[in-house]
Amino acid sequence: MCDVAAVQKIANCLGVPTGKVQLNEEQVVTRTSGQNKLVAGFTTILESLARESKSETAQNSTVSREVQAQVYQWIEYAVLYVAPGSKDKHVSKQLLADLNKLFISKSYFVGHFITLADLAVYYAIFDLVKSLTPMDKENYLNLSRWFDHLQQRPEIQQGEPLLNFTTIFLHNWATGTHI
Amino acid sequence: MSTGTLYTYPENFRAYKALIAAQYSGAKVKVAENFKFGETNKSAEFLKKFPSGKVPAFETAEGKCLSESNAIAYFLASEQLRGGKCPFVQSQVQQWISFADNEIVPVSCAWVFPLLGILPQQKNTTAKQDAEVVLQQLNKKLLDATYLAGERITLADIVVFCSLLHLYEHVLEPSVRKPYGNVNRWFVTILNQPQVQAVVKDFKLCEKALVFDPKKYAEFQAKLGGGANKQAQQPKQKEEKKPKAAAKKADEPEDLDAADEALAMEPKSKDPFDAMPKGTFNFDDFKRCYSNEEEAKSIPYFFEKFDPENYSIWYGEYKYSQELSKVFMSCNLITGMFQRLDKMRKQAFASVCLFGEDNNSTISGVWVWRGQDLAFTLSPDWQIDYEVYEWKKLDAKSEETKKLVTQYFSWAGTDKEGRKFNQGKIFK
């Protein structure tokens, strides 16, 4: 999900007015900001949002050129791989496994704080994670930790019901006692 | 916004808690200049404000005084650090602060302080295992939690982080910390927060664990002057090569908690050889020569330097050679004995050889140590193996001894029954 809805959510997160967001004739997402400036493309839109925002997340995403580059790398990853891949059963499995591996040694995608990269992937992968059974989630404990961490932030959750990760806990405990 | 002065010595992990908390809240904290540990905090003026005389201690701009690092950190913290508005998260913060003080700090001190030379080496210590249990608990917690309390960094993270600093700096080398991947991830995340970086400068994760160095401990004890006139000794340390490190070492016993104080009170394990005159023979020099030079050089060197007044040469023969079977098992017997005699190493040297082959072999060796009597009786630690050997003192001046020493030091010849030399082990 790297579309109109995702842009709106991320704009809310950053505390920036969304402006007018829609798909153009080529199905590319575009945004017309308050100053009537038109930008097209998901990554470019996020960049413009970050520039307008004064939030911590926006600041952390632009703290240095290196961080900025890494953040855009992950946004591209979200657009090109996560969003389409999460609809395919086999690709999504690989996707979850890859991300889970990544989060073994990292708390966030870039640096040591929440950035736009986390937001972009979070919203792109939301539906996929939502569809997982507790058994499935058990295989992705590190990814679950990251996801749960983000969804607990009210500005990220934005009124969506919290996905349940606590059963992982119970499940762990239960299998433990059965052995 | 709080402002005030923090009294501490440099690189005090307890003071870090307060300084990091201040970074988050923007509290203006000045670290007292010219603070001399053992002097400033023992002065009448200081004791009047802080009766315990312990650091870190904090004085607000209005002259209100606060001691105990966790309290100071709480005072200086932002709302987020205190756990936000939710009482449950606030309690979780307290829970982890207590965990740090009760579970982490004691095991960390018990493990790391002997290696820094602050405490004597403990026999049969379980410090490492205890620390592993604590790390295991943390690792489990951090598998599904990004931070310890709530979804933001709190004092819980800062206090636990600070309490783990010694472990991550000195003993958790990559192979040791590998099983605690979640703790490592969390630790690195906290370490790299800009607010933490501003306080904990140039921190490097342990590359190679410290090992116990009796010399360091001896030096440290010498500096303390038996502990009685610690304060008087303190200023001299400033002239040392590494004043920072020295001061740090000297300071820490002061803030040991009760458990460690009890540990420190235990009789120090003294080197039993200390009672004997030192003589002129230097084991280190000889061992270096023996390791680096050909026997043709090192054996004459041995006889040239050997001091028969204060040192003695012994011949030890395994009593139950008929029970020896596989060669490798016999070799393990020898190296096992060497390991159990570890504390003797500094004042002894031996070459123990195995002659013969599987199911037909003997073990015998030439030993040299300080003193004229059988050294093994000096310490209960050394009496595990010596009784299975027949010990004979050798006359250092006789030709026969020279021959025997030469044979054993150069790993050559045969045993009495003509079995050929098979393997040798050196105790040095």
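Chain A of this predicted model holds ten helices and three strands. Read from the N terminus on, the elements of chain A follow the order α-β-β-β-α-α-α-α-α-α-α-α-α. In other words, one helix comes before the three strands, and the rest of the order is helical. As for how much of chain A is tucked away, 40% of its 179 residues count as buried. The contacts of chain A can be sorted by how far apart the partners sit in sequence: taking those between residues at least 6 apart, 63% join residues at least 24 apart.

Over in chain B, helix H5 is a good place to look in detail. Helix H5 of chain B covers residues 127-143, which makes 17 residues. From its first C-alpha to its last, H5(B) reaches 24 Å, close to the 24 Å expected at 1.5 Å a residue. Six residues of H5(B) turn up as buried, namely B:Ala127, B:Ala131, B:Val134, B:Leu135, B:Leu138 and B:Leu142. Looking down the axis of H5(B), these buried residues fall within an arc of 100°, so they line one face of the helix. The background here is simple: an α-helix has 3.6 residues a turn, so residues three or four places apart point the same way. The other side of H5(B) is where B:Gln129 and B:Val133 are found, and both are exposed. As for what the buried residues of H5(B) pack against, the partners are three helices of chain B: H4 (87-116), H6 (155-170) and H8 (181-191).

Some loops of chain B also have backbone details worth a look. One of these is a cis peptide bond, running from B:Val55 to B:Pro56, with omega near 0°. B:Pro56 sits in the loop that links helix H2 (44-49) to strand E3 (57-60) of chain B.

Then there are residues other than glycine with a positive phi. B:Glu11 is one of them, with phi near 55°, and its place is in the loop between strand E1 (3-7) and helix H1 (13-25) of chain B. B:Glu11 counts as partly exposed because it has 17 C-beta neighbours inside 10 Å, short of the 20 needed for a buried residue. B:Asn359 is another, with phi near 65°. This residue lies in the loop between strand E6 (348-357) and strand E7 (360-370) of chain B. With 10 other C-beta atoms within 10 Å, B:Asn359 is exposed, since the cut-off for that label is 12 or fewer.

Methods:
Residues numbered from 1 in each chain as written. Chains lettered and ligands numbered in written order. Predicted model: local features only at pLDDT ≥ 70, side-chain atom pairs only at ≥ 80, totals over all residues. Helix = DSSP H or I, 4+ residues; strand = E, 2+ residues; numbered from the N terminus. Expected span 1.5 Å × (residues − 1). Arc of directions from axis to C-beta. Contact = placed C-beta atoms within 7 Å.
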